[in-house]
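Trainee: I have this one open on the screen and would like to go through it with you. Could we take the sheets first and the helices afterwards?

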Amino acid sequence: MSTKFEIRSQFDYLLDQINLLCEELRTHEIVNSFYYELPAITAEDEKKAPEYIQVTKLSGKEAFNKCLGSYLDLFVGEKKSSKILTRHPGLISVNDSQGKLKARIREVNKSKEDFKNLILKINNNDARFDAVHNAIPNLITLAAYRKIHCEDQIPYSVRFTWMKKHSTRTLSKKLALEMLSKSSGYSNPRVIDQQNWLQIVESEKIRVSSLNEDSKLRIKRPTRVTPEVNIRFSAKNRYHVSAALPFILLNPQKETKIGILPDYSAKNIDVRKKDYSYLVERIYLENLPKD
């Protein structure tokens with residue numbers, strides 16, 4: 001098991017590397033900076049997916065300082081929610097003729113990966129939580145894992161978008177029926193009375209019961225929407241990465257088109273209508289086709 005000293009030492013090295021990156025960014029020629037400020041997440045927001053997210057666009061020195069601060073946003077501090085990570089979409093375009101920043105970013109990400117692997121050596125979740133927070137009080141562990149993404153080639157465009165991902169769980173017909181049976185005992189009298197609720201669950205159980213015994217089922221539940229960066233070189237040569245932290249474009253060229261992060265509206269992204277036909281829509285349960 002990783003010791004308190006090992007955890008603290010690895011984290012201190014990680015923090016040193018992030019601080020060095022910030023210092024080196026300050027000494028390099030910044031071509032432009034953008035930061036897309038998102039509303040603070042409160043404890044009340046933790047249990048519901050947002051229907052609308054207003055984005056405040058910052059640029060210049062203010063945006064640059066916000067970007068640097070986001071790389072060091074690793075602790076609970078005065079956050080109103082510690083369960084949902086604060087996202088920091090942004091862009092720093094900076095000249096790096098000698099490749100020093102690229103090397104530093106690589107070392108930052110390596111130290112993040114080393115820290116993550118050290119923590120994951122602790123198998124038990126509760127023991128892992130205790131070990132991390134005894135060594136580094138108030139650390140948001142997942143925030144320390146987040147990579148800083150960069151590009152040093154010349155893309156056609158760097159644009160921002162919103163991505164709605166899914167958490168996926170595969171289960172058997174038997175497990176699905178057990179899950180539905182348990183939900184029979186749930187109720188929310190402010191929304192629906194118990195008798196109508198039981199009728200809904202019973203109809204769902206009948207639907208699942210009609211399947212073959214060897215049927216494979218999957219719950220593909222949408223998670224909170226997150227900002228992403230899309231880097232495009234051509235129609236077939238493109239990739240996207242998380243915009244949880246500001247993206248760094250090294251040695252930018254005028255021909256690269258830079259996009260902005262728009263406000264998010266759930267009306268524009270409806271995963272149910274576009275992609276899925278659910279067996280039980282309430283819990284995002286779908287019947288997988290046989291191989």
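Trainee: How many bridges join strand 9 to strand 10, and do they run parallel or antiparallel?

Mentor: Keeping in mind that this is a predicted model, strand 9 (residues 226–232) and strand 10 run antiparallel and are joined by 5 bridges. Within that pairing, Asn230 stands opposite His240 of strand 10.

Trainee: What is the strand order of the sheet they belong to?

Mentor: The order is 10-9-6-12, in an open sheet of 4 strands with mixed pairing. Strand 10 (238–242) and strand 12 (257–258) are the edge strands, each of them pairing on one side only.

Trainee: And what holds the strands of a sheet together, in general?

Mentor: They pair through backbone hydrogen bonds, in either the parallel or the antiparallel sense.

Trainee: OK, next sheet. Which strands are at the edges of the one with the order 3-1-4-11-5?

Mentor: That is an open sheet of 5 strands, again with mixed pairing, and its edges are strand 3 (56–59) and strand 5 (150–151), each of which pairs on one side only.

Trainee: Can you walk me across it from strand 3?

Mentor: Strand 3 pairs with strand 1 in the antiparallel sense over 4 bridges, and there Tyr36 has Lys57 of strand 3 as its bridge partner. Strand 1 is in turn joined to strand 4 by 5 bridges, and these two strands also run antiparallel; here Phe34 stands opposite Leu91 of strand 4.

Trainee: Then strand 4 and strand 11, parallel or antiparallel?

Mentor: Those two run parallel, with 4 bridges joining strand 4 (residues 90–94) to strand 11. Leu91, which stands opposite Phe34 of strand 1, also stands opposite Phe247 in strand 11.

Trainee: Now the helices. Which strands does helix 2 lie across?

Mentor: Helix 2 lies across strand 1 (30–37), strand 3, strand 4 and strand 11, and it runs at about 70° to strand 1.

Trainee: How do helix 1 and helix 2 sit relative to each other?

Mentor: The axes of helix 1 (residues 4–27) and helix 2 (residues 60–71) come within 9 Å and cross at roughly 165°. An angle over 145 degrees counts as roughly antiparallel, so helix 1 is roughly antiparallel to helix 2. The crossing of the two helices is right-handed.

Trainee: Which residues make that contact?

Mentor: Helix 1 contributes Ile18, Cys22, Leu25 and Arg26, while helix 2 contributes Phe64, Leu68 and Tyr71. Sorted by type, the residues of this contact come out as 6 nonpolar, no polar and 1 charged.

Trainee: Changing topic, how many aromatic pairs are there?

Mentor: The count comes to 5 aromatic pairs. One of them is Trp162 with Tyr264, a tilted pair at 5.6 Å centre to centre with 55° between the planes.

Trainee: Why would I care where those two sit in the sequence?

Mentor: Trp162 lies in strand 6 (residues 157–163) and Tyr264 in strand 13 (residues 264–265), so the pair ties together parts that are 102 residues apart in sequence.

Trainee: Last thing, the backbone. What is the phi of Asn138, and where is that residue?

Mentor: Phi of Asn138 is near 70°, a positive value in a residue other than glycine, and Asn138 is placed in the loop between helix 4 (125–135) and helix 5 (141–145). Most residues other than glycine have a negative phi. Asn251, in the loop between strand 11 (247–250) and strand 12, has a positive phi too, near 50°.

Definitions and conventions. Residues numbered from 1 in each chain as written. Predicted model: local features only at pLDDT ≥ 70, side-chain atom pairs only at ≥ 80, totals over all residues. Heavy atoms only, no water. Axes fitted to C-alpha atoms, helices over the stretch in contact; angles between N-to-C directions. Parallel < 35°, antiparallel > 145°, perpendicular 65-115°, else oblique. Left-handed = near helix turned anticlockwise from the far one by under 90°. Contact = heavy atoms within 4.5 Å. Nonpolar A, V, L, I, M, F, W, Y, C, P; charged D, E, K, R; others polar. Pairing = 2+ DSSP bridges. Phe/Tyr/Trp six-rings, centres within 6.5 Å; stacked < 30°, edge-to-face > 60°.
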